[in-house]
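Good morning, everyone, and thank you for making time for this. I would like to walk you slowly through one structure, so please have the sequence and the picture open while I talk.

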Amino acid sequence: MEIAASGPQPVTVTDGNLTISGAGNLTVTGTYSPAFNLSGTSAAVLTRDFTGNFKVTSNSNVINGGSRFEIDTTGDITLETTSTSSAPISMVSGVVDLSGKKVTITAPCGTIDDGVSTLNLTQTEGDLVISSSSLWYPIFNADNVTLKNTGGKVELENTSTAVLTNSSLTIEAAGDISLKYFINGKILSLNMSAKCFNVKLLGIIVGGYPIVSEVSFRETLSIIIIGNTNTARTAMSIT
């Protein structure tokens, strides 16, 4: 079964849960309005035994409002906005958890989320690549961000000079982790686990102090970097 909906606010959830189940694909397209409009702080969208592709597009926010947006599928997840001023995910405070074979988020404004407390992205096949060319905005705004790829590498890249994230960032990858060209970046804390950690032309600040200019580790490792504004150095532990 294939389900498709389109138009102004094609899906609205008011103070309750919308649960998506089944083996078919779900496609939702919003026109000059959020594709998923979650009204009320308790409104949520969840999946249960969903195995299809989940694709949501809009020329405004893809998701607006609510407390939870949790999609778990063996198919692909695509969130896409054509707006150059609206983040695809916008909440007052909430949790976004996306887990799929391939996770793709398109955000021309340069920022994926606005008002999210926790953002978790999990991919099971291929490489998880997130890139931005924003001059001013961080890719992530959520307080806590976790990127996990059990099938390949994780790569974050900015082709301009914007901030990477203002979040506490955790990255786990079966392959390499690569951070590229994040000048003037700032991270509250950073926890990474990968086969190879690659940083190039990076000016990331953790806790107020720069950590590296260029570094590459070629063995299996786990790195925890915790910023401390009371000392002249940032703590780095490698285990």
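I will speak about aromatic rings, then about strands, and then about a pocket. Please keep in mind from the start that this is a predicted model.

Let me begin with the rings. A pair of aromatic rings is described by the distance of the centres and the angle of the planes. In this structure there are 3 aromatic pairs, and one of them is formed by phenylalanine 36 and phenylalanine 69, whose centres lie 5.4 Å apart with 80 degrees between the planes, an edge-to-face arrangement. Because phenylalanine 36 belongs to strand E5, residues 36–39, and phenylalanine 69 to strand E9, residues 68–72, this pair ties together parts that are 33 residues apart in sequence. Phenylalanine 36 and phenylalanine 69 are both buried.

Phenylalanine 69 also has a second partner, phenylalanine 54, and here the ring centres are 6.1 Å apart and the planes stand at 65 degrees, so this pair is edge-to-face as well. It links distant parts of the chain too, since phenylalanine 54 sits in strand E7, residues 54–58, and phenylalanine 69 in strand E9, 15 residues apart. Why does phenylalanine 54 count as buried? The reason is that its relative accessibility is 0%, where buried means under 20%, and phenylalanine 69 counts as buried at 0% too. Taken together, Phe36, Phe54 and Phe69 form one aromatic cluster.

Let us stay with strand E7 for a moment, where we also find threonine 57. Threonine 57 is buried, with a relative accessible area of 14%, and its side chain makes a polar contact, at 3.3 Å, with the side chain of threonine 29.

From here we can turn to how the strands pair. Strands of a sheet pair through backbone hydrogen bonds, either parallel or antiparallel. Strand E7 pairs with E10 in the parallel sense over 5 bridges, and serine 58 stands opposite threonine 81 in E10. How many of the residues in strand E10 are buried? The strand covers residues 77–81, and 4 of its 5 residues are buried, which leaves it mostly covered. Strand E10 is also joined by 4 bridges to strand E13, residues 103–106, again running parallel, and there glutamate 80 stands opposite threonine 106 in E13.

There is also an open sheet of 5 strands, in the order E2-E5-E8-E11-E14, with parallel pairing. Its edge strands are E2, residues 11–14, and E14, residues 113–114, each of which pairs on one side only. Within this sheet, E5 and strand E8, residues 63–65, pair in the parallel sense over 3 bridges, with leucine 38 opposite glycine 65 in E8.

Finally, let me come to the largest pocket, which holds about 270 Å³ of space. It is lined by 20 residues, and the closest to its centre are Ile105, Thr106, Val129, Ile130 and Ser131. The elements that give two or more residues to this lining are E13, strand E15, residues 118–123, and strand E16, residues 128–132. Which element gives the largest share of the lining? That is E16, with 5 residues. Sorted by class, the lining has 10 nonpolar, 8 polar and 2 charged residues.

Thank you for listening, and I am happy to go back to any part of the picture.

Conventions
Residues numbered from 1 in each chain as written. Predicted model: local features only at pLDDT ≥ 70, side-chain atom pairs only at ≥ 80, totals over all residues. Heavy atoms only, no water. Phe/Tyr/Trp six-rings, centres within 6.5 Å; stacked < 30°, edge-to-face > 60°. Buried < 20%, exposed > 50% of the residue type's maximum accessible area, 1.4 Å probe, protein only. Pairing = 2+ DSSP bridges. 1 Å grid on protein atoms, 1.4 Å probe; cavity = no way out; pocket = protein on both sides within 12 Å on 5 of 7 lines; lining within 4 Å. Points joined across faces, edges and corners; volume = space filled by probe spheres on them. Nonpolar A, V, L, I, M, F, W, Y, C, P; charged D, E, K, R; others polar. Polar contact = N/O pair within 3.5 Å; in protein donor to acceptor, adjacent residues only side chain to side chain.
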